[in-house]
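User: I'm new to this structure and would like a close look at one part of it. Could you take me through the sheet with the hairpin in it, and then point out a few residues elsewhere that deserve a glance?

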Amino acid sequence: MPQDYNTEAYNSLRNALMVYKEDENALTPERIGQFIAHHYNKQRPRLLMLDSYYKGINTKINNKNSRRVDEYGADVRLGHPFAQEIADFHTAFSVGNPITITVDSDGNGIDDEHNLLDNINDYNDIDALYYDLFNDMSKYGRAFANIYRDPDDKMERITRLSPVDTFIIYSNEVDPVPLVAVRYTPVNDLQSVDSSDYGQFIIETWSEHQYTVSQPTDIVGGSVANGYDNSQTQELISMPVVEFWNNSQRLGDYDGVISLIDAYDASQSDTANYMQDSNDAMLVIQGDIQDLLEGAELAVDPDDKEYLQKLVDEKRQLLQDIRKSRTLFLKSGISATGQQTSVSASYIHKEYDSVGVEAYKTRLYKNIHSFSRTPDVSDDNFANNSSGVAMQYKQLGVIQLAKTKRRMFEKGLTSIYRIIQELELAVKGKWDIDYNNINFMFTDNLPTDDVNTIQTLQQAGATFPRAYLDRFAPGISTDEMNSLREEQDSNNQAMQKEVMHIQERDALINSIGDETDDEQSGQG
């Protein structure tokens, strides 16, 4: 029996993995509808929340309810896109450099020729596609890809499915296998003011043998649990949907720091509120000021409850007007010696512990980066020790997390090419590549000082071809460098020829002069 931690965050994840415990053939639209209802009501809100934080629309700080007790005080809401920074950093670190895909059928370490595989990869623009899938993994803790054969281009197409409205039902085995993939997309007729409350949805399902599309079905009202009617059915030869897991818990990269982000948003918002309230500080005028309604109650009949209520309402309105105008009137009194107290005017506001508040915000900022394993490049100490070993230790958390994420992502990529192989064999009966022999190499996307490294190696006695060194020339391509060098060589050769011509001419003139001198000396 799973342990219940009695927290809203955990309960929304408790049944994140959909498991079907009955006969696979009994997975009817009614039963699938129950899974859809659970996903829509339990999991989708969390996924939308994660997407909202990624966009910088942090739900806690942007709650509709006011954060201020004083309705006339400032109510600034500052949301900080830490989630976007975290997800984008880990995505760019692992797949910012395109994944290198090779095939080694013989196991000899030599890349085999795979033109058809290259054509499929180019057709799907896999560098951009895999970046988006990896980013979904970082955001939601899961990502989905659908593989099918395009009937027009006669090529396998790989598409991304949104994790917000897609899930897979797995078998109840020690090693669960996917049984049915489900996606429900809204039928948006733009008639609903609330874009998140659609009337009906189109339900699509993929199994190993069949693809179905439903009639528009009501999910919000809960009737989907009673089943739905299919409008389209298509036979399949393989389960075409692949799910990528970010980790074994299917948690996103910033799932664990949401509360820290909320605390940082609140502290920064409170600071902004304080600064704005200081500009609108309450003016206190203290002196011989009489009550505006003083004496009004003397002429009032104590039994006239309606007038007394009116008087109370007027005083209450007066107090509200005073607070709204940010002005406070205080009557002067009599001191112990019988003298009237002084008359003054001043502003009042809360004291601000700038040192303590800034230290608190700095601690939150560091904790967000530390616990999400995201380097804080704004830290002055980050680059103080730039030696290779020191930098590796500073990036240790990033590297460890990247290894886990890449291993899980590679597992999904292998499944994609397995499905492509099955589709190619079913259509053409020929596919020369075994998907198990497809290798994926990830390259860390980090800044490197290659020039300094080359200089160090050259000082140690290493030599490099000029064509290799040309790659590090800034602002110019290798081809352009070669063209300029050929032009320079051509000019140098022309100049050398001209110099040789001048030298030959001078030598000829000198030789003629010598002969003339000899003749003249002979005659003499």
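Analyst: Sure, let's start with the hairpin. Keep in mind that this is a predicted model. Strand S5 covers residues 166-171 and strand S6 covers residues 178-186, and a hairpin of 6 residues takes the chain from S5 to S6. The two strands pair in the antiparallel sense, with 5 bridges between them. To find one of these pairings by eye, look for Thr166: its bridge partner in S6 is Arg183.

Now step across to the other neighbour of S6. Strand S7 (residues 201-206) runs antiparallel to S6, and 6 bridges join the two. Arg183 turns up again here, with Glu204 as its bridge partner in S7. So you can trace a line across three strands: Thr166 pairs with Arg183, and Arg183 pairs with Glu204. A second place to look is Ala181, which stands opposite Trp206 in S7. As general background, strands of a sheet pair through backbone hydrogen bonds, either parallel or antiparallel. It also helps to know that in a regular strand the side chains alternate between the two faces of the sheet.

Zoom out a little and the hairpin turns out to belong to an open sheet of 6 strands. Reading across, the order is S1-S5-S6-S7-S8-S9, and the pairing is mixed. S1 (18-20) and S9 (230-235) stand at the edges; each has a single partner strand, so one side of each is left without a neighbour in the sheet. Ignoring direction, neighbouring strands here are turned by 20° against each other on average.

Away from the sheet, have a look at Thr91, which lies in helix H3 (residues 82-95). Is Thr91 buried or exposed? Its relative accessibility is 0%, so Thr91 counts as buried, the cut-off being under 20%. Its side chain makes a polar contact of 3.3 Å with the side chain of Asn135. Leaving aside residues up to four places away in sequence, Thr91 touches Gly96, Tyr131, Phe134, Asn135 and Ser138.

Two more residues are worth a glance for their backbone. In general, most residues other than glycine have a negative phi. Asp125 is not a glycine, yet its phi is positive, at about 50°. You'll find Asp125 in the loop between helix H4 (115-124) and helix H5 (126-140), where Asp125 is partly exposed with a relative accessible area of 47%. Arg250 also has a positive phi, about 55°, although it is not a glycine. Arg250 is in the loop between strand S10 (241-245) and helix H6 (258-279). Being in a loop doesn't put Arg250 in the open: Arg250 is buried, with a relative accessible area of 6%.

Finally, here is the whole chain for context. It has 13 helices and 14 strands, and 34% of its 524 residues count as buried. Among contacts between residues at least 6 apart in sequence, 65% join residues at least 24 apart. The chain exposes about 31900 Å², and carbon and sulfur atoms supply 49% of that.

Notes
Residues numbered from 1 in each chain as written. Predicted model: local features only at pLDDT ≥ 70, side-chain atom pairs only at ≥ 80, totals over all residues. Heavy atoms only, no water. Pairing = 2+ DSSP bridges. Helix = DSSP H or I, 4+ residues; strand = E, 2+ residues; numbered from the N terminus. Buried < 20%, exposed > 50% of the residue type's maximum accessible area, 1.4 Å probe, protein only. Polar contact = N/O pair within 3.5 Å; in protein donor to acceptor, adjacent residues only side chain to side chain. Contact = heavy atoms within 4.5 Å. Axes fitted to C-alpha atoms, helices over the stretch in contact; angles between N-to-C directions. Areas by Shrake-Rupley, 256 points an atom, 1.4 Å probe, with all protein chains shown as cover.
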